[in-house]
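Visitor: I have a structure to look through and would like some help reading it. Can we take it one topic at a time?

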Amino acid sequence: MRLPRFRVRTLMIAVGVVALLIWGAMMASQSYDYYRRASEYGANERGWRETAARNHGWAKFGSQCAEYYAQLAGKYRRAMWRPWMPVAPDPHAPGFDQWIEQEGRAKEVATDPPPPGLPPPQSQ
């Protein structure tokens, strides 16, 4: 029985096929990751819509959060079908910028106490 000949052309084709298989596996993995994120954000959207409908005190913030998660779910649903395209970073969640401001003001106002066992700093 005669063995097939291995030529440079045959090996180049083999390398190309392996490269395509690896690329396909990477795209499938990326697509699944986007699918998982879209599902999670869709569930978060539904949860915030239910919270906004049930509790009128949370209606405004709940609808903002639901809209935020709806945008993220849509973005990742689109990315799921085009995993080779770049995806923009996620925007900040509603209320995040206000929280950062509040934390900054709290750190300006509150000074750290001295460690135990050391005398307090002297004013000059």
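Visitor: Is Arg49 buried, partly exposed or exposed, and what is its relative accessibility?

Guide: Arg49 counts as partly exposed, at 39% relative accessibility. Buried means under 20% relative accessible area, exposed means over 50%, and partly exposed lies in between, with a 1.4 Å probe and protein chains only. Accessible areas come from the Shrake-Rupley method with that 1.4 Å probe, and for residues only the protein chains shown count as cover.

Visitor: Before we go on, where do these coordinates and numbers come from?

Guide: This is a predicted model, in which local features need pLDDT of at least 70 and side-chain atom pairs count only at pLDDT 80 or more, while totals for chains, interfaces and linings use all residues. Residues are numbered from 1 along each chain as its sequence is written, and side-chain values use heavy atoms, with hydrogens and water left out.

Visitor: What is the mean pLDDT of the chain?

Guide: The mean is 89, and 90% of the residues reach 70 or more. pLDDT is the predictor's confidence in each residue, from 0 to 100.

Visitor: Which helix has the lowest confidence, and which the highest?

Guide: Helix H3 (residues 96-109) is lowest, at a mean of 83, and helix H1 (residues 8-54) is highest, at 95. Helices here are DSSP runs of H or I with at least four residues, strands are runs of E with at least two, and both are numbered from the N terminus. Where pLDDT is low, the predicted coordinates should not be read in detail.

Visitor: Back to Arg49. Which residue does its side chain meet in a salt bridge?

Guide: Its partner is Glu45, at 3.2 Å from N to O. A salt bridge is a side-chain nitrogen of Lys or Arg within 4 Å of a carboxyl oxygen of Asp or Glu. Side chains of opposite charge can pair when their charged atoms come close.

Visitor: How many residues apart are Arg49 and Glu45?

Guide: They are 4 residues apart, about one turn of the helix, and both lie in helix H1. Glu45 is buried, with a relative accessible area of 16%.

Visitor: Which residues are joined into one network by salt bridges that share partners?

Guide: Asp33, Arg36, Arg37 and Glu40 are joined that way. In one of these pairs, Asp33 and Arg36, the closest N and O atoms are 2.6 Å apart. Arg36 also forms a salt bridge with Glu40, where the closest N and O atoms are 4.0 Å apart.

Visitor: Where do those partners sit along the helix?

Guide: Asp33 and Arg36 are separated by about one helical turn because they are 3 residues apart in helix H1. Arg36 and Glu40 are 4 residues apart in helix H1, again about one turn. Asp33 is buried at 18% relative accessible area, whereas Arg36 is partly exposed at 40% and Glu40 is partly exposed at 41%.

Visitor: How many salt bridges are found in the whole structure?

Guide: The search finds 5.

Visitor: New topic: the surface. Which residues form the positive patch?

Guide: Arg2, Arg5, Arg7 and Arg9 form it. Patches are made of residues with over 30% relative accessible area and no salt bridge; like charges are joined within 9 Å, and nonpolar side chains (Val, Leu, Ile, Met, Phe, Trp, Tyr) within 5 Å. Arg9 lies in helix H1 and is exposed, with a relative accessible area of 56%.

Visitor: And which residues make the nonpolar patch?

Guide: Leu20, Trp23, Trp84 and Met85 make a patch of about 490 Å². Trp23 is in helix H1 and counts as partly exposed, at 44% relative accessibility.

Visitor: What about distances? How far apart in space are Tyr32 and Met80?

Guide: They are 7.1 Å apart, C-alpha to C-alpha, with their positions 48 residues apart in sequence. Tyr32 is found in helix H1 and is exposed, at 53% relative accessible area.

Visitor: And how far apart in space are Gln71 and Gly117?

Guide: That C-alpha to C-alpha distance is 53 Å, at 46 residues apart in sequence. Gln71 is in helix H2 (residues 59-81) and is partly exposed, with a relative accessible area of 48%.

Visitor: Last one: where is Ala79, and is it buried or exposed?

Guide: Ala79 is in helix H2 and is buried, with a relative accessible area of 7%. Ala79 and Trp99 are 20 residues apart in sequence and 30 Å apart in space, C-alpha to C-alpha.

Technical notes:
Lys, Arg positive; Asp, Glu negative; His and termini not counted. Charge placed at Lys NZ, Arg CZ, Asp CG, Glu CD.
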